[in-house]
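Me: I would like to learn how to read a protein model. Please take me through it one feature at a time.

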Amino acid sequence: MLVFCDIFDFKILIFACLLAFLPNNLANDANSGAVPLTQQNIDMTLATNELVFINFYAQWCRFSNLLAPIFEEAASKIRNAFPEPGRVVMAKVDCEKESSIASRFHITKYPTLKIIRNGQPTKREYRGQRSVEAFEEFIRKQLEDPIKEFHDLKELINLDDKKRMIIGYFDRKDVPEYKMFRMVATNLKDDCQFHVGFGTCSAQNCEIGEHFHFLNASRAMHPPGDPIIVFRSDKALSNDEDETYQGSLTNFDELNVWAQEKCVPLVREITFENAEELTEDGLPFLILFHAPDDVESVKMYKDVVARTLIDEKQNVNFLTADGIKFAHPLHHLRKTAADLPLIAIDSFRHMYLFPNFHDIHVEGKLKSFLQDLYSGKLHREFHYGPDPSSYELTQVVGQVKVPTSPPESTFKKLAPSKKRYTLLKDEL
């Protein structure tokens with residue numbers, strides 16, 4: 001028989017019993033923590049929040065269970081730090097119960113942490129430290145203003161010319177065109193710098209603007225006072241002129257696609273931070289290893305790739321790498337910093353060295369190197385020695401041709417692994 005001290009205790013007991021029978025999502029909301037996403041609420045959650053940080057997990061996965069309490073605590077702290085509706089939500093998806101959501105977001109390992117901005121999935125997963133403090137810091141950075149405001153056109157001359165950037169010029173902040181610009185900037189803040197200026201083009205400002213490609217290239221197409229959005233390439237690494245956006249300034253999808261094409265380059269730099277993401281594509285790497293201050297070789301490589309290899313972008317990742325930071329792959333290739341610049345293929349089985357960097361100027365030479373990878377010729381020569389028509393990879397001992405010795409891939413070791421924090425489905 002139960003004995004209650006007073007009516008207050010009885011009310012608490014009744015409330016606890018009712019809470020136990022609430023649907024899971026309501027019970028979780030009452031206790032704060034991550035918001036469970038289901039087929040019923042996911043579309044509304046993604047559409048009504050600027051940022052949604054999702055933990056895709058499986059109940060049977062040990063790594064998911066280790067992460068769960070950390071993610072829940074971080075979600076509670078973020079909810080308290082950013083209580084305003086529509087700003088940020090930390091959410092979770094049980095991939096066994098919600099298999100259709102897992103398929104929709106191409107989840108192949110557990111746990112996977114993804115960011116959705118303005119309803120659009122970002123390319124990069126969260127791969128940082130898995131602690132409450134790290135999650136808090138990550139969210140705060142994601143919510144930082146992605147746009148830097150300039151107040152004088154003179155400021156544009158001091159922008160970092162090694163960065164791709166999109167520059168907007170609007171009358172005021174409260175116009176719909178700027179709202180679209182801001183949404184795009186939020187989505188692509190990791191790929192481009194975004195700058196904005198406000199106010200009409202005064203006579204003095206326009207006169208100053210004659211010295212800048214930004215305004216000069218745009219004034220012929222947009223009368224003063226109209227919104228302008230311009231893409232500026234990494235001037236230190238290319239010779240491209242500024243390009244004015246010609247589409248609708250109030251159509252998010254149209255503007256976002258244009259900005260994505262401009263901000264995500266054909267040739268990317270590989271770093272230790274993005275290497276895992278790039279390996280997950282499963283595409284071979286064609287890498288230029290260069291000295292940190294060697295801008296000219298990077299320019300030449302990008303130019304050759306853009307002119308002769310653009311039709312291969314679905315088959316290979318075109319990359320540049322700091323040859324000092326990535327000294328280990330060079331060592332496997334039996335090369336040092338003194339041999340830079342050089343080009344190699346990493347097929348995730350072996351690494352193959354392009355014989356002579358300066359041969360990139362020989363029409364079709366670099367493309368032929370790639371074709372030899374696709375045809376299996378590079379791998380075949382590794383096992384059986386050079387084909388009769390091959391000269392560059394030939395090693396002669398006396399008069400006998402012997403197999404070449406390409407080293408094993410080094411970049412495959414940066415791919416996701418069961419020895420780290422995730423479990424791949426095909427490893428079950």
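Me: Is C61 buried or exposed?

Reply: A residue is called buried under 20% relative accessible area, exposed over 50%, and partly exposed in between, using a 1.4 Å probe and protein chains only. C61 has a relative accessible area of 1%, so C61 is buried. Note that this is a predicted model, where local features need pLDDT of at least 70, side-chain atom pairs count only at pLDDT 80 or more, and totals for chains, interfaces and linings use all residues. Residues are numbered from 1 along each chain as its sequence is written, and side-chain values use heavy atoms, with hydrogens and water left out.

Me: Why is C61 not bonded to C95?

Reply: A disulfide is a pair of cysteine sulfur atoms within 2.5 Å. The sulfur of C61 has its closest cysteine sulfur in C95, 9.9 Å away, which is too far for a bond. C95 is in no disulfide either, and with a relative accessible area of 3% C95 is buried.

Me: How many disulfides are there by this rule?

Reply: The count is one. C192 and C263 form the disulfide, with sulfur atoms 2.1 Å apart. The angle about the S-S bond is -105°, and the link is left-handed. C192 lies in the loop between α7 (176-187) and β9 (193-198), while C263 is in helix α10 (residues 252-263), so the pair ties together parts that are 71 residues apart in sequence. Both cysteines are buried.

Me: What do names such as α7 and β9 stand for, and how many helices and strands does the protein chain have?

Reply: They are DSSP runs numbered from the N terminus: helices are H or I with at least four residues, strands are E with at least two. The protein chain has 15 helices and 19 strands.

Me: In what order do the five strands of the open sheet lie?

Reply: Two strands pair if DSSP finds at least two bridges between them. Here the order is β12-β14-β13-β15-β16, with mixed pairing. β12 (267-269) and β16 (351-353) are at the edges with a single partner strand each, so one side of each has no neighbour in the sheet. β15 (residues 342-346) and β16 run antiparallel and are joined by three bridges; D346 has M351 in β16 as its bridge partner.

Me: Which strands does helix α12 lie across?

Reply: For angles, axes are lines fitted to C-alpha atoms, for helices over the stretch in contact, and the angles run from 0 to 180 degrees between N-to-C directions. Contact means heavy atoms within 4.5 Å. Helix α12 (residues 295-308) lies across β12, β13 (285-290), β14 (317-322) and β15, at about 160° to β13. Helix α14 (residues 365-374) also packs on the sheet, touching β13, β14, β15 and β16, and its direction makes about 20° with that of β15.

Me: Which residues touch the most other members of the largest nonpolar core?

Reply: A nonpolar core is a set of buried Ala, Val, Leu, Ile, Met, Phe, Trp, Tyr and Cys residues joined through side-chain atoms within 4.5 Å. The largest has 22 residues, and I166, F181, F194, I229 and W258 touch the most other members. At least two residues of this core come from each of β8 (165-170), α7, β9, β10 (228-232) and α10. A second, separate core of 21 residues includes V298, F369, L373 and L378.
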